[in-house]
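This report describes selected local features of a two-chain model, beginning with backbone geometry and ending with the contact between the chains.

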Amino acid sequence: MGFLDRFLKAPSWGVHPEDHKRPAADAPLRIFPTPERVFMPLHQHVGGVARPIVLVGQKVLKGELIAEAQGNISAPIHAPVSGTIAAVGDVTAPHPSGMPFKAITIESDGANRWIDCEPLADPFSAAPEEITKRTAAAGVVGLGGATFPAAPKFALGKRLKVSTLIVNGGECEPYLSSDDRIMRDYPEMVVDGARLVMHAIGASEALVGIEENKPEAIAAMRKAAAAFPEVKIRPLPALYPMGSDRQLIKVLTGIEVPSDARAAETGVLVHNVSTCAAVHKAIRLGQPLVERIITINGGAIANPGNLYAPLGTMIGDLFTFVGLKEAPSRIILGGPMMGTPLLHDRIPIVKGASGILAFNAAEAFVPEAGPCIRCGNCTKACPMGLLPLEMAARIRVGDLEGAEAFALSDCISCGCCAYVCPSHIPLVQYFSHAKGELTAAERTKLRTDATKRLAEAKAARVERENREKAEAAAKRKAEREAAKAATAQPASVAVEKTEGASA
Amino acid sequence: MLMSVGSLAVMGLTLGSVLGVASRYLAVEENPIEAELQAMLPGSQCGQCGYVGCAQAAAALAKGEAPVTLCPPGGKATVEALAAKLGVKVDLSKVSDSGPQIAEVTEEICIGCCRCMKVCPTDAIIGAAKQIHNVIREACTGCSSCVDVCPTEALGMMPIPVTLQHWSWPKPASAHH
């Protein structure tokens, strides 16, 4: 901490968007009735795509493994309802491109019958690795939206001897309240999950950061954590992007994670409150991750609120359940600041879907961008201390390396800069575009290196084959000549003999 | 005083002569820029530039005998990299770039003659006699050598298909350029 920071309590970065969380956050949690059909995508996490292990026509129970993890960073997929596998095919991905990806379709039998679950009796006397193993088998991934598989993160925390677990209850994105709801309705699950994660990574304390705009959640969590002094509830100033891991770590512990390091290397590990609850279910109940709390909010929704829904449910089915006041002008997966715009509602919800927003025309209005007036508001708002205006100016003229020199790779795409821009410049889209192009260039380089090796291998093989052919030909020639010489020898002797005889 | 001046002078002379000897006996023979230029080229030795392979093309580039626009499979990116390295200006708008491409077999008319397999510089085509051939997309450099030898025109070039993992946001359309 710098000298001046002692006198400056509030962080100097961030923005204060209107939070729009209520009344949706105050509406009681509703259980979404089992849908007729679910579409369970094979790629709902960072890392390798899961491999299907079921056949069309096969009967499955709720919680049964239907696709297994592939590779070190991956997660298995389980059936969110009981029923029959109807298809393994393409559905539209929750992605701005609207491109398809593979999903397993299950026709529900309506019974919602669970598979036999095996809870772990007395997890705190079990080995930490057992918690990690069961978390991996339950397909738990980061539910805050990043969807990084939880188990490899546990293993990393254990290896790097992390001392502090930070439980992220910030939920700083406007409109969303799924984490708020889980802390209000199931605080014991969150606290127990946090203690299980602490046991898995060997941490000695857990700091639960909750923004001050959620007083009910803070009260409920304080009550649930009262018996466990190692779990500390820490209210945070309501400031966007408080829920971003680097910002949360800085505010709670004072540690600034270096640009080129992971959080775990500084002795802290961040997990979302919903992830902790999922770990609790995986260990204490033996249930894999097949359902989640999801916020349905926005001006086009008749009864906004939180739903407890099976994964793989179509967004359109959720809209029918809560009712639409009008056709949404824009559908967003996640929050309005960092969420993914979706092209339509025939898209299934995934593990990382914390909310679906249906905006009316007024909310979806995007003003036309004007020129940059170099006011510098974006540099004040940027939580990473970058210069968004300088980076955008370079990207606009195609100078991606120039933008990289201004530490484009440190940008967390939080959207603060675009939010405060008086000219409404789509700054984040510039950065996302540039990051995509730079990644593509990196990939092309790797590809070129790989094909170069292949070309060299082929050239070497062709040369070797030619040499071997030439050697074989030379050998055959030599043999032929030797044979010729051998047959010629007696002939010449014979000639000599005849000559001698005639002489 | 004299001692320090003397010792520094001796050190300077000794180290200087060591450096002088080293520069003579450990000198790099080849033009170092050639290797760098070769690393920028695709390395598939397809010969579309008119030289035998990428090494010869790099040598010609280093001598200034070939234009930086010589490599069709490399596309605009390679032209830019070469121009930056050699410090020459080039009008990129005149470089035709259809984007990176890869070969594709039209399976209905492939007769399994094995000719394409033999010319492929990266072994990106699999197949056997009288069996349908296919292209391994990850290994294809888009040199189009196979297209020229195919007797039934079953081989063609197509742009690399965009997948979910490869998609990236377009540049924002701006009225204020």
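Pro241(A) is found in the loop between strand 11 (231–236) and helix 6 (245–253) of chain A. The peptide bond that leads into this proline from Tyr240(A) is cis, with omega near 0°. The model is a predicted one, in which local features need pLDDT of at least 70, side-chain atom pairs count only at pLDDT 80 or more, and totals for chains, interfaces and linings use all residues. Residues are numbered from 1 along each chain as its sequence is written, while chains are lettered from A and ligands numbered from 1 in the order in which they are written. Helices (H or I, at least four residues) and strands (E, at least two) are DSSP runs, numbered from the N terminus.

**Backbone geometry**

Another cis peptide bond joins Arg22(A) and Pro23(A), with omega about 10°. Pro23(A) lies in the segment before strand 1 (30–31) of chain A. Most residues other than glycine have a negative phi, and most peptide bonds are trans. Positive phi values in residues other than glycine are listed below.

| Residue | Phi | Citation |
|---|---|---|
| Ser413(A) | near 55° | positive, not glycine |
| Asp123(B) | near 55° | positive, not glycine |

Ser413(A) is placed in the loop between helix 12 (400–405) and helix 13 (416–420) of chain A. Asp123(B) belongs to the loop between helix 5 (115–119) and strand 2 (125–126) of chain B. For burial, a residue is buried if 20 or more other C-beta atoms lie within 10 Å of its own, exposed if 12 or fewer, and partly exposed in between, with C-beta atoms placed from the backbone. Ser413(A) is partly exposed because it has 17 other C-beta atoms within 10 Å. Asp123(B), with 15 other C-beta atoms within 10 Å, is therefore also partly exposed.

**Strands 15, 16 and 17 and helix 8 of chain A**

Two strands pair if DSSP finds at least two bridges between them. Strand 15 (residues 330–333) of chain A pairs with strand 17 (residues 355–359) of chain A in the antiparallel sense over four bridges. Strand 15 of chain A is also joined to strand 16 (residues 340–342) of chain A by three bridges, and these two run antiparallel. Ile332(A) has a bridge partner in each: Leu357(A) in strand 17 of chain A and Pro341(A) in strand 16 of chain A. The hairpin of strand 15 and strand 16 of chain A has six residues between the strands, and Gly334(A) takes a positive phi near 95° there.

Helix 8 (residues 315–322) of chain A has Ile315(A), Leu318(A), Phe319(A) and Val322(A) buried. Seen down the axis of helix 8 of chain A, the buried residues fall within an arc of 100°, so they line one face of the helix; the arc is that of the directions from the helix axis to the C-beta atoms. An α-helix has 3.6 residues a turn, so residues three or four places apart point the same way. The buried residues of helix 8 of chain A pack against strand 13 (291–297), strand 14 (305–310), strand 15 and strand 17 of chain A. After helix 8 of chain A comes Gly323(A), with a positive phi near 85°.

**Annotated cysteines of chain B**

An unreviewed UniProt entry lists Cys120(B), Cys140(B), Cys143(B) and Cys146(B) under "binding site". These residues are spread over 27 residues of sequence yet cluster in space, the largest C-alpha distance being 10.6 Å. UniProt positions are given in the numbering used here, feature names are shortened, and annotations may be inferred rather than shown by experiment.

Cys140(B) is situated in the loop between strand 3 (134–135) and helix 6 (145–149) of chain B, and Cys143(B) is found in the loop between strand 3 and helix 6 of chain B. Cys140(B) is buried because 25 other C-beta atoms lie within 10 Å; Cys143(B) is buried, with 27 other C-beta atoms within 10 Å. Two residues are in contact if their C-beta atoms, placed from the backbone, lie within 7 Å. Leaving aside neighbours within four places in sequence, Cys143(B) is in contact with Ser44(B), Cys46(B), Gln48(B), Pro73(B) and Pro121(B).

**Contact between the chains**

The contact takes 24 residues from chain A and 19 residues from chain B. Helix 14 (residues 427–502) of chain A supplies the largest share of the chain A side, 14 residues. Leaving aside neighbours within four places in sequence, Gly43(B) is in contact with Thr451(A), Lys452(A), Ala455(A) and Cys54(B).
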